[in-house]
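Okay, can everyone see the screen? Let me put the structure up and then walk you through a few spots I picked out.

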Amino acid sequence: MSATLPMQISYPEQLPVTQRRHDIAEAIRDHQVVIVAGETGSGKTTQLPKICLELGRGQEGGVIGHTQPRRIAARTVAERIAAELGTELGQLVGYQVRFTDRSSAQTMVKVMTDGILLAEVQRDRDLRRYDTIIIDEAHERSLNIDFILGYVKQLLPRRPDLKVVITSATIDPRRFSAHFDDAPVIEVSGRMYPVEVRYRELTDDQTQGITDAVRELLTAGPGDILVFLSGEREIRDAADALRRLRPTRVSDAFEVLSLYARLSSAEQHRVFAPHQRRRVVLATNVAETSLTVPGIRYVVDTGLARISRFSARTKVQRLPIEPISKASADQRKGRCGRQADGICIRLYAEEDFDARPEFTDPEIVRTNLASVILQMTALGLGDIGRFPFVEPPDTRSVQAGIQLLEEIGAITSARRARRSKPRGRAETRMADGRTAVSSGKNATPALTTIGRQLAQLPVDPRLGRMIVEGHRNGCLREVIIVAAALSIQDPRERPSEQQDAADAAHRRFADPTSDFAGLLNLWGFVKEQQKELSSSAFRRLCKTDFLNYLRIREWQDLDSQLRQVSKQLGLSLTKTPASAEAVHRSLLAGLLSHIGMKDVDKRDYLGARGSRFAIFPGSALAKKQPPFVMSAELVETSRLWGRVNAAIEPEWAESIGAHLVKRTYSEPHWEYKRGAVMAFEKVTLYGIPIVSERKVDYGRIDRAVARDLFIRHALVQGEWRTHHRFFHANQEVLAEAEELEQRARRRGIVVDDETLFDFYDERVGPDVVSTAHFDSWWKQQRRTTPQLLEFSLDLVVQDAADDLSVQEFPDVWRHGDAAMPLVYEFDPGAESDGVTVEI
DNA sequence: GGGGACGATC
């Protein structure tokens, strides 16, 4: 390391963490894991890396890694630490987030998103480049944080030299301490002013409650008000009501601002702009952790939020509005009182608050685990059930994740392997030629070649699957563009005041049968304009066309990243434009359980596992709904919506989902014209009939039944036009026997069909299921046994009829010289019954 | 006709 540590590291006197820095240093020196608990403003985020530096860490032995849950935070934290150490960013202190790496060989403190650290695990299993890892904001319990906490836990014995510092809000440091075998907890006080909590249980609707609370706070003194709501619609309703509120005093005048993540950047920025008039900011959960609204003295908390939940039963993501936890409510409360005393009005009863759960469920118990399981399997972490999670996910969600990975062909599970080879040990032939052997019920799933590729692609497994298939179908270029678009936030903006104008601007790119094709159109437009326009003119164009410039850039950055990784994986980019069908077939490889069949009566779609979904109104397919669709995203809110969709041919799903489809057959029957047994095939994928009545050759489906029907119809009943000698000879023998029945006026002389069936069944080859099969078999067979299939009269005439003979019933009645033919018929009741002389 | 919280990546 060529960088040198500044001789003296100083700590801002006013920060609470500064008072405890010797205790913290001592704890880190004496323990492998230390928990530091403290509220925002305690200074832990910026000062901990400095304490570690002073302990001599981050120097010869390795780097001090410092993770943040958000990219912006990673950058600003690095900037602050660099500034406090009096160095330039990118030298002693650096940071890395996706697409941006500002760290160097001199870097001693590397701030990064937790996603970057996880990505590094794939290449550096023991995280050897770090001698210290600080996991900041661990209380947020994101999927990444929980995975890191588990990973670090099992890493500690292998890396006794590694120091780990977990920082958390003061809410529950003991949980982390317990996870790390009673690691010491150091609590650092925050710098907070007291916040008075007032409970104002709703008596009317929510909007009324909000306006009442705002009115109450307007009289409490100067300062801005932050209102927490569950979503965009609620924000709009409240904004409308608040704008109608006419303050009685001039000093009570206020402006209303909205704040949520999907808001255009310009609208978001208004919140941070300096202002004169008092403000009411209506916000979603973005304002709880991600964004800090300055100057807030008052908070109004509806106590509700949309929480993402994954249903292991329906395998669908849901976004229900739920009461928030105590921890979350306190976090909201804490958003005032950072600069002075504050007041927080909760629009629910105190008893309601008391009855709420302490903490929000960590993401790992609420989310689709496919990606985590894929990463863990790629890392060879073994049984998911034995991984040291702070809070293990439910077995059913683990199963659901495994099932999804099986759907996209990323893994072959032990279960499946056993089923396909019922005898002997479970063994699966892998696509790359390896053989995966699994012995027991808890055996870990085995990664396929596709799975290993997906583990390297920095996108959701479904999207990665599309990319792999895009390579196979010669349309990698297009599929990467689509997959990149699906993994970022929609670059199209729809400001509340100009929704119609925005929709009109975006409609130019729409394709009536595919939202994915619409994305490709948009991509083409953007590329073309960038080529022709100056960079500033392009930015202006983005504004007028309701496109978010930064998200367009992110889309393009991700496109290049995916191209690069694909290249490393040996996936080749196409130069020539691909057909729309190739692109959509590739997308479908990732969306097999997201297909739907139109229900004409109900105006919605029958989806996988009996679910029903509707096309989201913003989709180009909302108006004219095709018979079959696939949807990139299925999320249940007011109902289950398919957000980004395209029409598909159901047959595509049959070939791509060959490992998943179920086939049933009905009405096997003999077809005289074809000389074969046919049946109707029904093909379903997750219960969706993708083929309803396809006529198929049943001989290939069920040989025994088809052979049976062939013998009965073609040979026994004679429903066959053929020149085979035995066939005609047998017909004659039968005719003779039947004639005998007529003349003797007795039934039951001719043996029944079962006897004839048995005769053929014993002789005809086992593979003969149609006339064609018969012909080729008989061609060989008759050489050795030409009489094999010939009836004798003995065979076709019952034993009881032995004493009868056709001779006893003459054909002609002679009367003098005249010979008149006799016709026998045994049909009591009919006019022609008996013997008829034809004169 | 209808409309969805927030983050992150090899």
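So, which part of DNA strand B does the protein sit against, sugar and phosphate or bases? If you take the atoms of DNA strand B within 4 Å of the protein, 53% belong to sugar or phosphate, and the rest belong to bases. Keep in mind, please, that this is a predicted model.

On the protein side, there are 45 residues around DNA strand B, and the ones that come nearest are Arg71, Ile116, Ala261, Arg603 and Arg643. By type, that surface splits into 18 nonpolar, 16 polar and 11 charged residues. Where do they come from? Helices H5 (114-123), H9 (232-244), H17 (449-456) and H23 (549-568) each supply at least two residues of the surface near DNA strand B. H5 gives the largest share, with 4 residues.

Now let me zoom in on some polar contacts with the bases. Arg603, one of those nearest residues, has a polar side-chain atom 2.5 Å from a base oxygen of DNA strand B. Glu633 also uses its side chain: a polar atom there lies 3.0 Å from a base nitrogen of the strand. With Pro458 it's the backbone instead, where an N or O atom lies 3.3 Å from a base nitrogen of DNA strand B.

Okay, leaving the DNA. Have a look at H14, residues 370-378, and H15, residues 395-407. They pack at an angle of about 75°, and their axes are 8 Å apart. Angles of 65 to 115 degrees count as roughly perpendicular, so that is what we call H14 and H15. H14 brings Ala370, Ile373 and Leu374 to the contact, while H15 brings Val398, Gly401, Ile402, Leu404 and Leu405. That makes 7 nonpolar residues and 1 polar one, with no charged residue in the contact.

Next, Ser177. Is it buried or exposed? It sits in helix H7, residues 173-179, and at 2% relative accessibility it counts as buried. What does its side chain reach? The backbone oxygen of Ala183, at 2.7 Å. Leaving aside neighbours within four places in sequence, Ser177 is in contact with Ala183 again, plus Ile35, Asp182 and Val185.

Compare that with Ala578, in the loop between H23 and helix H24 (580-588). You may remember H23 as one of the helices supplying the surface near DNA strand B. Ala578 is partly exposed, with a relative accessible area of 24%. Its C-alpha is separated by 8.7 Å from that of Asn473, and those two residues are 105 apart along the chain. Beyond its neighbours within four places in sequence, Ala578 is in contact with Gly474, Cys475, Glu478 and Val583.

Last thing, backbone angles. Most residues other than glycine have a negative phi. Here are two arginines with a positive one. Arg141 has a phi of about 50°, and it lies in the loop between strand E6 (130-135) and helix H6 (143-155). Arg609 comes in at about 55°, in the loop between strands E24 (604-606) and E25 (612-615). How do they sit in terms of accessibility? Arg141 is buried, at 8% relative accessible area, whereas Arg609 is partly exposed, at 34%.

That's my tour, thanks.

Definitions and conventions. Residues numbered from 1 in each chain as written. Chains lettered and ligands numbered in written order. Predicted model: local features only at pLDDT ≥ 70, side-chain atom pairs only at ≥ 80, totals over all residues. Heavy atoms only, no water. Near = heavy atom within 4 Å. Polar contact = N/O pair within 3.5 Å; in protein donor to acceptor, adjacent residues only side chain to side chain. Nonpolar A, V, L, I, M, F, W, Y, C, P; charged D, E, K, R; others polar. Axes fitted to C-alpha atoms, helices over the stretch in contact; angles between N-to-C directions. Parallel < 35°, antiparallel > 145°, perpendicular 65-115°, else oblique. Contact = heavy atoms within 4.5 Å. Buried < 20%, exposed > 50% of the residue type's maximum accessible area, 1.4 Å probe, protein only.
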